[in-house]
Amino acid sequence: MKGLFITLEGGDGAGKSTQIRNIERFFEEKGLLVVHTREPGGTHISEKLREILLDNSNTEMSDVTEMMIYAAARAQHVRELILPALERGDIVICDRFVDSSVAYQAYGRELGDMVSIVNSYATGGLSPDITFWLDIDPAAGRARAAKAGDLDRLEQEKLDFHYRVYEGYRLIAEKEPDRVKRIDASDTVDNIRDNIYEYLDALCRSKGI
Ligand code: TYD
């Protein structure tokens, strides 16, 4: 694969959007083509699945259904948008990917190992070159997210759900330190950006970019 696949992860209110814009700028200044996308979503079909997933009126959705719809949206996204972009040599920046399903569905919903197995089919084994986990305490993040607007179906979950999600992210970062970089999201916006840029400089050097 010629391009680079970069993902951002974190709980509500971690400030992912601001840092995604900074990452875009980093690569655009190098004259590279950047594709900015998100999960669930990114393609027409996946955005339709997103509406079902985040709809507050879907209170009867079972946890396994939820997990599989996230995976279905991802399967389409990988095949229709992400892989073709990487094959062209573009930089793909994705707001959330499989780690979200592991954190929210395997740990938050307590579905366990099934989530990784289903998602390895969904992605065909595609894994990011680097993942930034914007680490914010769940209570602080939730307060920020609530201030920013209405909470969706997942965001409305109780705080103990969000602490399980947090523990999921912590374990992923511990298990895959080469790929997943923990970023202190309680720091200033500029320090977070500088921290991310250091990792990106190292990644670009290692890839000859
Ligand atoms: P979004 O509005 O994109 O949230 P955020 O701005 O926090 O990224 O909504 C995505 C929601 O879906 C978010 O609460 C996390 C959840 N989610 C999962 O539970 N599993 C997944 O695999 C993904 C991609 C997201």
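This is a guided tour of the ligand, the pockets and the cavity in a predicted model.

Before selecting anything, note that residues are numbered from 1 along each chain as its sequence is written, and that side-chain values use heavy atoms, with hydrogens and water left out. Because the model is predicted, local features need pLDDT of at least 70 and side-chain atom pairs count only at pLDDT 80 or more, while totals for chains, interfaces and linings use all residues.

**Stop one: the ligand and its shell**

Select the ligand, and then the residues near it, where a residue is near if one of its heavy atoms lies within 4 Å of the molecule. There are 16 residues around the ligand, and K16, Y70, R96, S101 and Q105 come nearest. Which classes do the residues of this shell divide into? They divide into five nonpolar, three polar and eight charged residues, where Ala, Val, Leu, Ile, Met, Phe, Trp, Tyr, Cys and Pro count as nonpolar, Asp, Glu, Lys and Arg as charged, and the others, Gly among them, as polar.

Now colour the helices, which are DSSP runs (H or I, at least four residues) numbered from the N terminus. α2 (44–54), α3 (63–88) and α4 (98–108) each supply at least two residues of the shell, and α4 gives the most, with four residues.

**Stop two: polar atoms beside the ligand**

Show the side chains of R50, R96 and S101, and look for polar contacts, meaning pairs of N or O atoms within 3.5 Å; within protein, one must be able to donate a hydrogen and the other to accept it, and residues adjacent in sequence count only if both atoms are side-chain atoms. A polar side-chain atom of S101 lies 2.6 Å from an oxygen atom of the ligand. For R96, an N or O atom of the side chain is 2.7 Å from a ligand oxygen, and for R50 the corresponding distance is 3.1 Å. Taken alone, the ligand exposes 540 Å², of which the protein buries 88%; these accessible areas come from the Shrake-Rupley method with a 1.4 Å probe, and for residues only the protein chains shown count as cover.

**Stop three: the largest pocket**

Where does the ligand sit? The ligand sits in the largest pocket, in the sense that more than half of its atoms lie within 2 Å of the pocket's grid points. On a 1 Å grid over the protein atoms alone, a pocket is an open set of points with protein on both sides within 12 Å along at least five of seven lines, a cavity is a set where a 1.4 Å probe fits but cannot get out, and lining residues have an atom within 4 Å of a point.

About 680 Å³ of space lies in the largest pocket. Its lining has 30 residues, of which D12, K16, R96, D152 and E155 lie nearest the centre. By class, this lining has nine nonpolar, nine polar and 12 charged residues.

**Stop four: the second largest pocket**

Select V98, D99, V102, S116 and E176 next: of the 20 residues that line the second largest pocket, these are the closest to its centre. About 410 Å³ of space lies here, and the largest share of the lining, five residues, comes from α4.

**Stop five: the cavity**

Finally, a search of the whole structure finds one cavity of 30 Å³ or more. About 90 Å³ of space lies in the largest cavity, whose lining includes W133, H162 and Y169. α7 (159–175) gives the most to this lining, with four residues.

Methods. Grid points are joined across faces, edges and corners, and a volume is the space filled by probe spheres set on the points.
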